[in-house]
Amino acid sequence: MPASRLRPAAAVSGGAALVHGANVLARILAVCGLVSAVACTPDFQSPSQVTDLRVLAIRQEALDEPPGTSRFADASVDLAARKAQTVRVTALIADPHPRQSLVVRGYLCSQTDSGRCDGVPSRDLGEIAGAEPAAEQQPAYTVDVPPEVVALAVQEDRLKGFGGIRVQFSLEASDGDPHGPVMSSKILLYTTAPESMRNHNPEVVALEITRDGAQVASVGPGGTIGVTAGIEYGLRPVLGPGAAGIEEYDAVDLTGQPIHLRETPRYSFFSTLPIDFDRDNADEPLRGQPQPANGIARFTAGAGSGSMWVVARDGRGGIGWISVRCTASSP
């Protein structure tokens, strides 16, 4: 564990900027390799089991006019003017047993191997404190990258800002959890690509619940799933239409030739007791493949109630999620 006693959370999230020119695909693949980190938990439970304070995901949204509206996940940047688009950075934080109000502190810095802004020039974004203890919170920062940070990101980039830059957002969260604070980070993406090549965040609009392949229910964000305890159910995330779903996009291969690609989202599953998933992650089936008969993940619940989260990552830095409640009654 780090000397500061912070626990790394399994939610370090990155993605590839949409850029054009030679060596772009290599950069895309390199950045996508930063999408996940190994969980460090005191009891070595499954990453999908949320038993204490966890940062499940961090999402970036580029803000447009009128203020607060957003179309893209990645932000635009003018390298000559050293001016970057304002972004909103939102964290999905869960703790089934919060002891105090959640307090988070955000930082901006150059990309580090640890995901922390230690030992490098950084900008303190200040604290956000929750009103009262809660099992789920989504604190959000509005982030303006100053010109000197844009210049530093260009200087430290292997391609010297060709196609865009990356800036690290790091977060520390605490709510009185006996295991101490947790830390997570996300690489914020700033691109010089035209709007036609920019990325959108996926939106998980519903969860389809099945039993032995038969439809049981469809639940939207904030809804409640009613199931029978001890029975295995299938779960299928449903993405939104158009840009809120699976996007096709243009990039450039290693020879400088344009290529047309299609996203393959990956889903991460999280739950509190008494709910248990049969896996931590699953990929969206490829186009043309048959849909799984009983969802892309299975879960079983003991009698009682708990929370479920599904996080969707599009492989290009876009992130969306859904949170629902699950209540299981005895057979």
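**Exercise 1. Find which cysteine is joined to C109 by a disulfide, and say whether the two ends are buried or exposed.**

Solution. Step 1: look for the sulfur partner. In this predicted model, a disulfide runs from C109 to C117, with 2.2 Å from S to S. That passes the test, because two cysteine sulfurs count as a disulfide when they lie within 2.5 Å.

Step 2: recall what such a link is. A disulfide is a covalent bond between the sulfur atoms of two cysteines.

Step 3: check the twist. The angle about the S-S bond is -80°, and the link of C109 and C117 is left-handed.

Step 4: check the surroundings. Both C109 and C117 are buried.

Step 5: count. The structure has one disulfide, so you've already found it. As for another cysteine, C326, its relative accessible area is 1%, so it is buried.

**Exercise 2. Work out which strands the salt bridge of E127 and R105 ties together, and how exposed each partner is.**

Solution. Step 1: recall the general idea. Side chains of opposite charge can pair when their charged atoms come close.

Step 2: check the distance. E127 and R105 pair through their side chains, with 3.4 Å from N to O. The cut-off is 4 Å, so this pair qualifies as a salt bridge.

Step 3: place the partners. E127 sits in strand β8 (residues 122–129) and R105 in strand β7 (residues 103–109), so the bridge ties together parts 22 residues apart in sequence.

Step 4: sort them by exposure. E127 has a relative accessible area of 52%, so it is exposed. R105 comes out at 24%, so it is partly exposed.

**Exercise 3. Take the salt bridges R236 with E284 and E247 with R316, and decide whether their partners are buried or exposed.**

Solution. Step 1: start with R236 and E284. Their side chains meet with N and O 2.8 Å apart. R236 belongs to strand β16 (residues 232–239), while E284 is in the loop between β21 (281–283) and β22 (297–301), and 48 residues separate these distant parts of the chain.

Step 2: apply the cut-off for buried, which is under 20% relative accessible area. R236 has 15%, so it is buried. E284 has 11%, so it is buried too.

Step 3: move on to E247 and R316. The closest N and O atoms of this salt bridge are 3.2 Å apart. E247 lies in the loop between β16 and β17 (248–252), and R316 in the loop between β23 (304–313) and β24 (319–329); the two are 69 residues apart, so they link distant parts of the chain.

Step 4: use the cut-off again. E247, at 9%, is buried, and R316, at 3%, is buried as well.

Step 5: zoom out. D64, R71 and E195 are joined into one network by salt bridges that share partners. The whole structure has 15 salt bridges.

**Exercise 4. Find which backbone nitrogens lie by the side chains of D74 and T191.**

Solution. Step 1: locate D74. You'll find D74 in the loop between β3 (69–72) and β4 (75–78). Its relative accessibility is 3%, so D74 counts as buried.

Step 2: name its partner. A polar atom of the D74 side chain is 3.3 Å from the backbone nitrogen of N199.

Step 3: do likewise for T191. T191 is part of strand β12 (residues 182–191) and, with 1% relative accessibility, is buried. A polar atom of its side chain lies 2.9 Å from the backbone nitrogen of A193.

Note on methods: Residues numbered from 1 in each chain as written. Predicted model: local features only at pLDDT ≥ 70, side-chain atom pairs only at ≥ 80, totals over all residues. Heavy atoms only, no water. Buried < 20%, exposed > 50% of the residue type's maximum accessible area, 1.4 Å probe, protein only. Helix = DSSP H or I, 4+ residues; strand = E, 2+ residues; numbered from the N terminus. Polar contact = N/O pair within 3.5 Å; in protein donor to acceptor, adjacent residues only side chain to side chain.
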